Amino acid sequence: MTFAPSSAAEALSGRGRDLGCSRWLTIDQKRIDLFAEATGDHQWLHVDPERAARGPFGRTVAHGFLTLSLLNMVLPELLMPRNVDWGVNYGVDRVRFPAPMPVGATLRAHGILSDVRETQPGVIQTRVTMTVEIRGQDRPGCVAETLQYYAFLPSGGASS
């Protein structure tokens, strides 16, 4: 269930909370190819299925940064503050890619709200430790600490 605090105080009370897991998502070649186009990273390990079949992973693999970028898509399934004026991604700390993400793999993200702090009245910074699980594998595809800022509306404000 999504953690949806509606105030800084409620968010602060969630420090250390297990946010659970996102839905499962399958990584297909089209998504990999579109990421290659968007970033200019056309390494054959990612975009040439025939050559990759003879390579170290036996098939194409997703770019590590594609896997990382998907965290932004699934984070709202785990943490979605209500009654906010704005929210922004602030950064990512301690990123690792322990296992390759092969084409056809199914992944989901598990999150822990590892830290929350109020940086000014009504504005919080969150740190969510995200682990990208790959169905059927022991090692995760990515582990990262994502950082976000959220500014809550004053009590009684309209929610966005």
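The exercises below, each with a worked solution, concern a predicted model.

**Exercise 1. The chain as a whole**

State how many helices and strands the protein chain has, and give their order along the sequence.

Solution. Begin with the count: the protein chain holds five helices and six strands. Next, read along the sequence, where the pattern is α-β-β-α-α-α-α-β-β-β-β. Then take the extent: the C-alpha trace spans about 60 × 30 × 25 Å along its principal axes. For burial, 42% of the 160 residues count as buried. Last come the contacts: among those with a separation of 6 or more, 71% are between residues 24 or more positions apart.

**Exercise 2. Aromatic pairs**

Find how many aromatic pairs there are, and classify the pair of Phe65 and Phe97 as stacked, edge-to-face or tilted.

Solution. A pair of aromatic rings is described by the distance of the centres and the angle of the planes. Rings count as a pair if their centres lie within 6.5 Å. By this rule there are two aromatic pairs.

Take Phe65 and Phe97: the ring centres are 6.0 Å apart and the planes stand at 75°. Planes over 60 degrees apart count as edge-to-face, so Phe65 and Phe97 form an edge-to-face pair.

Now place the two residues. Phe65 belongs to helix H5 (residues 64-78), while Phe97 sits in the loop between strand S3 (84-96) and strand S4 (106-120). They are 32 residues apart, and the pair links distant parts of the chain.

Finally, check exposure. Exposed means over 50% relative accessible area and buried means under 20%. Phe65, at 57%, is exposed; Phe97, at 36%, is partly exposed.

**Exercise 3. The pair of Tyr90 and Tyr149**

Determine the geometry of the pair formed by Tyr90 and Tyr149, and decide for each residue whether it is buried or exposed.

Solution. The ring centres of Tyr90 and Tyr149 lie 4.9 Å apart, with the planes at 85°, so this pair is edge-to-face. In terms of elements, Tyr90 is in strand S3 and Tyr149 in strand S6 (residues 142-152). The pair therefore ties together parts that are 59 residues apart in sequence. As for accessibility, Tyr90 has a relative value of 53% and counts as exposed, whereas Tyr149 has 17% and counts as buried.

**Exercise 4. Two helices in contact**

Describe how helix H2 (residues 29-39) packs with H5, and list the residues that make the contact.

Solution. First the geometry: the axes of H2 and H5 are 11 Å apart, at an angle of about 100°. An angle of 65 to 115 degrees counts as roughly perpendicular, so H2 is roughly perpendicular to H5.

Next the residues: H2 contributes Arg31, Ile32 and Phe35, and H5 contributes Phe65, Leu66, Ser69, Leu70 and Met73. Sorted by kind, the residues of this contact are six nonpolar, one polar and one charged.

**Exercise 5. Two buried residues**

Identify the elements that hold Thr67 and Val128, and list their contacts beyond four places in sequence.

Solution. Start with Thr67, which is in helix H5. Its relative accessible area is 3%, so Thr67 is buried. Beyond neighbours within four places in sequence, Thr67 is in contact with Ala62, Met101, Val132, Gly141 and Cys142. For Thr67 and Cys142, the C-alpha atoms are 6.9 Å apart in space and the residues 75 apart in sequence.

Turn to Val128, which is in strand S5 (residues 123-134). With a relative accessible area of 0%, Val128 is buried. Its contacts, again leaving aside neighbours within four places, include Leu19, Leu75, Leu79, Leu113, Ala144 and Gln148. Val128 and Leu113 are 15 residues apart along the chain, with C-alpha atoms separated by 4.6 Å.

**Exercise 6. Positive phi**

Locate Asn83 and Arg94, and state the phi of each.

Solution. Asn83 is in the loop between H5 and S3. Asn83 is not a glycine, yet its phi is positive, at about 60°. At 13% relative accessible area, Asn83 is buried.

Arg94 is in strand S3. Its phi is also positive, about 50°, although Arg94 is not a glycine. Its relative accessible area of 63% makes Arg94 exposed.

How values were computed:
Residues numbered from 1 in each chain as written. Predicted model: local features only at pLDDT ≥ 70, side-chain atom pairs only at ≥ 80, totals over all residues. Heavy atoms only, no water. Phe/Tyr/Trp six-rings, centres within 6.5 Å; stacked < 30°, edge-to-face > 60°. Helix = DSSP H or I, 4+ residues; strand = E, 2+ residues; numbered from the N terminus. Buried < 20%, exposed > 50% of the residue type's maximum accessible area, 1.4 Å probe, protein only. Axes fitted to C-alpha atoms, helices over the stretch in contact; angles between N-to-C directions. Parallel < 35°, antiparallel > 145°, perpendicular 65-115°, else oblique. Contact = heavy atoms within 4.5 Å. Nonpolar A, V, L, I, M, F, W, Y, C, P; charged D, E, K, R; others polar.
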